[in-house]
Amino acid sequence: MNSIADVWNSVLSILRERMTETAMNTWFADCEPIDLSNGRLVICAQNEFKRNIIVDRFSETIGNALRDLFSGSFELQVLTREELEDYEDEKPDEATDLPEIAGYTFDRFIVGPSNKFAHAAAVAVAEKPGKSYNPLFIYGNSGLGKTHLLLSIGQAVHQADPKAKIAYIKGDEFTNQMIASIREGTAEEFRTKYRGVNLFLVDDVQFIAGKQSTQEEFFHTFNSIHEAGNQIVVTSDRPPIEMKQLDDRLRTRFESGLMCDVQPPDMETRMAIIRNKASQFCMPLEDEVVAYIAENLTTNVRQIEGVVNRLTAYRDILNDATINIASVKRAIKDVIRVGAYIPTPDVIIEETARFYSLTSEDLRGQRRSKNMAMARQISMYLIRSITNLSLMDIGREYENRNHSTVLQSIRKVEELLRTDPEMADAVRDITSNINSRG
């Protein structure tokens, strides 16, 4: 439920359970959702009379519906057609680059023993950005809520100060933007964009490790923001000490603030996450259903949420409001049966290329620069070790190279892994990045 239209339709579904169809058609048939942000739902009624009736008679009902959906309190604002134009004109200019993802707020984050410390640190930073825990470094495996906390900080700071300059970027995108700015002659604009922000949010910072030019630019960006007393928050799939190709000066800066990890949720927290997600789709689940999902999906919050999404689709397709243990088993048997994430050759090639600042086409093609050849050989080795494809199948991924070429590449990487610590670190980092896609 990422759009305002989705939210409003869910609210209307809840209202239909509590009101007559006549009342629904009279007061809400021509209402339009306008905005949902900063703890407030804005809708538009056709005229002042309808606006007053909705405010007087239905504000509490709508508020309760929103509380059921989001497990948090929301304010309702009802505009008339005449007021809508003024509302649009008076909206403050956005000074934030936060992605438009509904629900990534603190009140939607399920807190448990595995993430309590990281959550408390994130809230403290959001309340007093730049005053304590700067930088804040949150690390943990993929799918455990790091991005949720990162964006929650951004949303909270924006709500407290709509004029605050906030920048959100992923580590690999920082590299891409920097390269593009050099190519297009806009390097100064790129530096100004990030060095002048009040809040700098960096997701998956591990992607900059090993990229010397990127690390150089990031180092100066970090210093400019920090020295100005502004807040930096970073997420990663591992602590700085385990990023073998990270510059020491960046590592020490990351470690100078507060580091906190996020672990897989315990059973009770997983059950709470399932119930919270299901409530967003107005889908009550039996306790045995919740327990079944929580017992079988134990390490990844994103996977748990994906299963609930699948159950919602399953319910809607079958037009059956009841989800029981049998239907759950049928709906999610493939998810549960596949215990480990097995990436495709495309993903392995893409992540290997990304690590070396190349493209997938570079690795699949015939060019033979030293850097490109090594990356190509590593990707072949990883495909063989992770997916166990045949040598001939691997060769087809690289413009039909023959199996002897593939075998020679794999053996070369295996030999280097035994003798070259830097090669071992590179393969480990690429593997971790691949697994984070699961």
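## Helix 7 and its surroundings

What should the 14 residues of helix 7 span at 1.5 Å a residue, and how far apart are its end C-alpha atoms? The expected span for residues 171-184 is 20 Å, and the end C-alpha atoms are 20 Å apart, so the two values agree. Please keep in mind as you read that this is a predicted model.

Helix 7 has a set of buried residues made up of Gly171, Asp172, Phe174, Thr175, Met178, Ala180 and Ser181. Their cover includes strand 5 (166-170), strand 6 (199-203), helix 8 (187-195), helix 9 (212-227) and helix 15. Just after helix 7 comes Gly185, with a positive phi of about 75°.

One contact with helix 7 can be followed from Thr221, a residue of helix 9. Thr221 has a relative accessible area of 1%, so it is buried. Beyond its neighbours within four places in sequence, Thr221 is in contact with Phe174, Tyr194, Arg195 and Phe200. Of these partners, Phe174 is among the buried residues of helix 7.

## The chain as a whole

Stepping back, the protein chain holds 20 helices and eight strands. Buried residues account for 48% of its 438 residues. The chain exposes about 21500 Å², and 47% of that area is supplied by carbon and sulfur atoms.

How much of the contacts with a separation of 6 or more comes from residues 24 or more positions apart? In this protein chain, the share is 74%.

## The largest nonpolar core

In soluble globular proteins, nonpolar side chains tend to be buried together. Here the largest nonpolar core has 27 residues, and the members that touch the most others are Tyr356, Leu358, Ile378, Leu382 and Ile430. Two or more residues each come from helix 15 (345-355), helix 17 (370-387), helix 18 (391-396), helix 19 (403-419) and helix 20 (421-435). Helix 17 gives the largest share of this core, with eight residues.

Ile430 is a good place to look in the structure. Leaving out residues up to four places away in sequence, Ile430 touches Glu351, Thr352, Phe355, Tyr356, Ile378 and Leu382. Three of the residues that touch the most other core members, Tyr356, Ile378 and Leu382, thus appear in the two lists.

## Helix 17

Helix 17 has 18 residues, and the distance from its first C-alpha to its last is 26 Å, close to the 26 Å expected at 1.5 Å a residue. Its buried residues are Met372, Ala373, Met374, Ala375, Arg376, Gln377, Ile378, Ser379, Met380, Tyr381, Leu382 and Ile383. They pack against helix 15, helix 16 (360-364), helix 18, helix 19 and helix 20.

Is Ser379, which is found in helix 17, buried or exposed? Its relative accessibility is 0%, so Ser379 counts as buried. Apart from neighbours within four places in sequence, Ser379 is in contact with Ile348, Ile349, Thr352, Leu363 and Tyr398.

## Two cysteines without a disulfide

A disulfide is a covalent bond between the sulfur atoms of two cysteines. How many disulfides does the model have? With a cut-off of 2.5 Å between cysteine sulfur atoms, the count is zero. Cys31 is in no disulfide, and the nearest cysteine sulfur, that of Cys44, is 7.6 Å away. That distance is beyond the 2.5 Å limit, which is why Cys31 and Cys44 do not count as a disulfide.

Cys31 counts as buried because its relative accessibility is 8%. Cys44, at 0% relative accessibility, also counts as buried.

## Two partly exposed residues

Gln46 sits in the loop between strand 2 (40-44) and helix 3 (48-70). With a relative accessible area of 31%, Gln46 is partly exposed. Its contacts, leaving aside neighbours within four places in sequence, are Asp30 and Arg81. A polar atom of the Gln46 side chain lies 3.2 Å from the backbone oxygen of Asp30. Phe28 is 18 residues from Gln46 along the chain, and their C-alpha atoms are separated by 9.6 Å.

Ala272 belongs to helix 11 (residues 267-280). Its relative accessibility is 30%, so Ala272 counts as partly exposed. Between Ala272 and Ala294 there are 9.3 Å in space, C-alpha to C-alpha, and the two are 22 residues apart in sequence.

Definitions and conventions. Residues numbered from 1 in each chain as written. Predicted model: local features only at pLDDT ≥ 70, side-chain atom pairs only at ≥ 80, totals over all residues. Heavy atoms only, no water. Buried < 20%, exposed > 50% of the residue type's maximum accessible area, 1.4 Å probe, protein only. Core = buried A, V, L, I, M, F, W, Y, C linked by side-chain atoms within 4.5 Å. Helix = DSSP H or I, 4+ residues; strand = E, 2+ residues; numbered from the N terminus. Contact = heavy atoms within 4.5 Å. Areas by Shrake-Rupley, 256 points an atom, 1.4 Å probe, with all protein chains shown as cover. Expected span 1.5 Å × (residues − 1). Polar contact = N/O pair within 3.5 Å; in protein donor to acceptor, adjacent residues only side chain to side chain.
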